[in-house]
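Welcome, and thanks for taking a look at this one. Please turn the structure around once or twice before reading on; the notes below go from the overall picture to individual side chains.

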Amino acid sequence: QSSAPFPAFESRAAPRKVEGVQRSQITSSIFCQNVMYWEEQKLSIAESFKQFLTNIKIPNHDQIELRYGEITAALNKEFRDSESKTSNNLQVGSYGRWTAIKGVSDLDMLYIVPASLWEKYKDGGQSKLLERAKAAIKTRYPRTEVYVDRLVVRALYNNFHVEVQPVFEQADKSFKYPDTYYGGSWKTTKPRDEISAMTEFV
């Protein structure tokens with residue numbers, strides 16, 4: 001009689017042990033499933049973001065760069081007797097700040113006029129400077145609509161237009177640009193500060 005409880009204890013302990021193992025296995029399985037789920041979610045988010053970037057990518061980037069280059073070459077030929085497609089220009093606006101997306105149609109650039117010409121244009125020569133820039137671009141694109149619009153020269157292409165602003169660079173890296181209103185004046189812009197701030201995030 002004294003040994004009767006022992007087999008009973010043994011018989012009760014066995015299923016508890018099995019139950020503990022089963023619980024451990026189930027817990028481990030659930031943990032693994034959760035890990036796999038979140039890994040899949042991370043992959044899904046990454047793939048979705050990659051697709052999003054593809055969807056907003058500018059499809060006519062090469063055409064835009066071609067126009068920028070040819071306008072720059074035309075202005076360099078007029079003001080510097082050079083045909084460089086990259087020198088003395090600065091792409092500004094959303095495209096220049098690397099924030100433009102698919103469908104961008106308004107493109108902006110500065111053309112840095114030789115400092116030696118400042119004396120020629122500084123006193124009331126704003127319209128003359130813009131007209132000279134317009135004529136240079138029109139020579140390159142004779143069938144394109146090109147005109148002066150107060151602060152800039154606008155060149156209208158099929159699916160976008162480029163606004164060109166002739167400027168004089170200052171010692172602090174800012175630029176003086178012409179305003180033709182009210183007899184003409186010079187104003188200041190500092191696009192390099194904006195571009196530098198945005199490129200920190202690129």
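Accessible areas here come from the Shrake-Rupley method with a 1.4 Å probe. On that basis, the protein chain exposes about 13400 Å², and carbon and sulfur atoms supply 54% of this area. Please keep in mind that you are looking at a predicted model.

**Overall layout**

Let us begin with the secondary structure. The protein chain holds 6 helices and 7 strands. Read from the N terminus on, the elements follow the order α-α-β-α-β-α-α-β-β-β-β-β-α. Of the 202 residues in the protein chain, buried ones make up 32%. Among the contacts with a separation of 6 or more, 54% come from residues 24 or more positions apart.

**A hairpin and its surroundings**

A good place to zoom in is the hairpin of strand 3 and strand 4. Strand 3 covers residues 145-149 and strand 4 covers residues 152-156. The two run antiparallel and are joined by 5 bridges. D149 stands opposite V152 in strand 4. There are 2 residues between the strands of this hairpin, and R150 takes a positive phi near 60° there.

What does R150 lie over? R150 lies over the face of Y181, at 3.8 Å from the ring centre. R150 also belongs to a network of salt bridges that links it with D179 and K187. The hairpin residue R150 is thus described by its backbone angle, by its place over a ring and by its charged partners.

A second arginine is placed over a ring as well: R140 lies over the face of Y141, at 4.6 Å from the ring centre.

**Aromatic rings**

The structure holds 7 aromatic pairs. In one of them, the ring centres of Y181 and Y182 are 6.0 Å apart and the planes meet at 85°, so this pair is edge-to-face; the cut-off for that label is an angle over 60 degrees. Are these two tyrosines buried or exposed? Y181 counts as partly exposed because its relative accessibility is 43%, while Y182, at 84%, counts as exposed. Y181 therefore has the ring of Y182 as a partner, and the face of Y181 has R150 over it.

Elsewhere, W118, F168 and W186 form one aromatic cluster.

**Salt bridges**

How many salt bridges are there? The count comes to 7. Three of the pairs are set side by side here, with the distance taken between N and O atoms.

| Pair | N to O distance | Relative accessible area, basic residue | Relative accessible area, acidic residue |
|---|---|---|---|
| R132 and E78 | 2.7 Å | R132, 21% | E78, 35% |
| K134 and E131 | 3.2 Å | K134, 24% | E131, 38% |
| R154 and E163 | 3.2 Å | R154, 16% | E163, 16% |

R132 forms its salt bridge with E78. R132 lies in helix 5 (residues 126-140) and E78 in helix 2 (residues 61-80), so the pair ties together parts that are 54 residues apart in sequence. Both ends are partly exposed, as R132 has a relative accessible area of 21% and E78 one of 35%.

The salt bridge of K134 with E131 sits within a single element: both residues lie in helix 5, 3 residues apart, about one turn of the helix. K134 is partly exposed, and E131 is partly exposed too.

Which side chain meets that of E163 in a salt bridge? The partner is R154. Buried means under 20% relative accessible area, so E163, at 16%, counts as buried, and R154 is likewise buried at 16%.

**A loop with positive phi angles**

One last stop is the loop between helix 2 and strand 1, the strand of residues 89-92. D81 is placed in this loop and has a positive phi of about 55° although it is not a glycine. N88 is found in the loop between helix 2 and strand 1 as well, and its phi, near 70°, is also positive in a residue other than glycine. Where do the two stand in terms of accessibility? D81 is exposed, with a relative accessible area of 71%, whereas N88 counts as partly exposed at 25%.

Notes
Residues are numbered from 1 along each chain as its sequence is written. This is a predicted model: local features need pLDDT of at least 70, side-chain atom pairs count only at pLDDT 80 or more; totals for chains, interfaces and linings use all residues. Side-chain values use heavy atoms; hydrogens and water are left out. Helices (H or I, at least four residues) and strands (E, at least two) are DSSP runs, numbered from the N terminus. Buried means under 20% relative accessible area, exposed over 50%, partly exposed in between (1.4 Å probe, protein chains only). Contact means heavy atoms within 4.5 Å. Two strands pair if DSSP finds at least two bridges between them. Rings of Phe, Tyr and Trp (its six-membered ring) pair if their centres lie within 6.5 Å; planes under 30 degrees apart count as stacked, over 60 as edge-to-face and the rest as tilted. A charge sits over a ring if NZ of Lys or CZ of Arg is within 6 Å of the ring centre and within 35 degrees of the ring normal. A salt bridge is a side-chain nitrogen of Lys or Arg within 4 Å of a carboxyl oxygen of Asp or Glu.
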